[in-house]
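I sat down with this one to jot a few things as I looked them up. Here is what I opened.

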Amino acid sequence: MEPPEYDSWTLQGVPDQVARARRLVTAALGPSHPLHDDSVLLTSELATNAVVHSAARDGGTFTVTVLSSQSRVRVCVTDGGSEAPPCACRTSLASQGGRGLPLLEALSHRWGFTRQNGVNTVWFELVLVTVPAGWAAAGV
């Protein structure tokens, strides 16, 4: 088992830094990493939440941390805190927001958050799952 790679960046709490967070995750994993696409998508959701819903938007910062190996990725986004904890609430079909954490719930192997001293850290883990050779042919 190879040792995991670790990268971390602190970004300004402004909307254009969401795209930068995606580029940094791509640089950390490489575009050919088997968990790249989901990692970038979910990082984008968490970075957007940090910029829109936390104190990072008021001249603050948020931090993106990636811990990865070839078969596992863990991303943490730490922001400037918020009045309420993150909520994986359901929204109406007409709503333009509110789908980030439900998407995180659907795509990640596991996820969670901590709130400590007014600071939020939301994280997710993705795990590469491979199908055994011949599995589809077995009619299962």
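My entries follow, from the whole chain down to single residues.

**Entry 1: the model and its layout.** I note at the start that this is a predicted model. I pulled up the secondary structure and found 3 helices and 5 strands in the chain. Reading from the N terminus, I get the order β-α-α-β-β-α-β-β.

**Entry 2: whole-chain totals.** How much of the chain is buried? I looked it up: buried residues are 36% of the 140 residues. The exposed surface comes to about 8,200 Å², and carbon and sulfur atoms supply 55% of that. For contacts with a separation of 6 or more, I see that 62% are between residues 24 or more positions apart.

**Entry 3: Thr65.** I went to strand β2, residues 61-68, where Thr65 sits. Buried or exposed, I wondered about Thr65? Its relative accessible area is 15%, and the cut-off for buried is under 20%, so Thr65 goes down as buried. Leaving out residues up to four places away in sequence, I listed what Thr65 touches: Tyr6, Asp7 and Ser8, plus Arg74, Val75 and Cys76. With Ser8 there is also a polar contact, side chain to side chain, at 3.1 Å.

**Entry 4: Arg74.** Arg74 was on the Thr65 list, and I followed it further. Which ring does Arg74 lie over? I found Arg74 over the face of Trp123, 4.1 Å from the ring centre. I also searched for aromatic pairs and got 0 in the structure.

**Entry 5: Trp111.** Still with Arg74, I checked its C-alpha separation from Trp111: 9.1 Å, for two residues 37 apart along the chain. Trp111 belongs to strand β4, which covers residues 110-116. Its relative accessibility is 22%; buried needs under 20% and exposed needs over 50%, so I logged Trp111 as partly exposed.

**Entry 6: Asn117.** Next I moved on to the loop between β4 and β5 (119-127), where Asn117 is found. What is phi for Asn117? I read a value near 50°, which is positive, and the residue is not a glycine. Asn117 has 79% relative accessibility, over the 50% cut-off, so I wrote it down as exposed.

**Entry 7: recap of burial.** For the three residues I looked up this way, my list reads Thr65 buried at 15%, Trp111 partly exposed at 22% and Asn117 exposed at 79%.

Note on methods: Residues numbered from 1 in each chain as written. Predicted model: local features only at pLDDT ≥ 70, side-chain atom pairs only at ≥ 80, totals over all residues. Heavy atoms only, no water. Helix = DSSP H or I, 4+ residues; strand = E, 2+ residues; numbered from the N terminus. Buried < 20%, exposed > 50% of the residue type's maximum accessible area, 1.4 Å probe, protein only. Polar contact = N/O pair within 3.5 Å; in protein donor to acceptor, adjacent residues only side chain to side chain. Contact = heavy atoms within 4.5 Å. Areas by Shrake-Rupley, 256 points an atom, 1.4 Å probe, with all protein chains shown as cover. Phe/Tyr/Trp six-rings, centres within 6.5 Å; stacked < 30°, edge-to-face > 60°. Lys NZ or Arg CZ within 6 Å of the ring centre and 35° of its normal.
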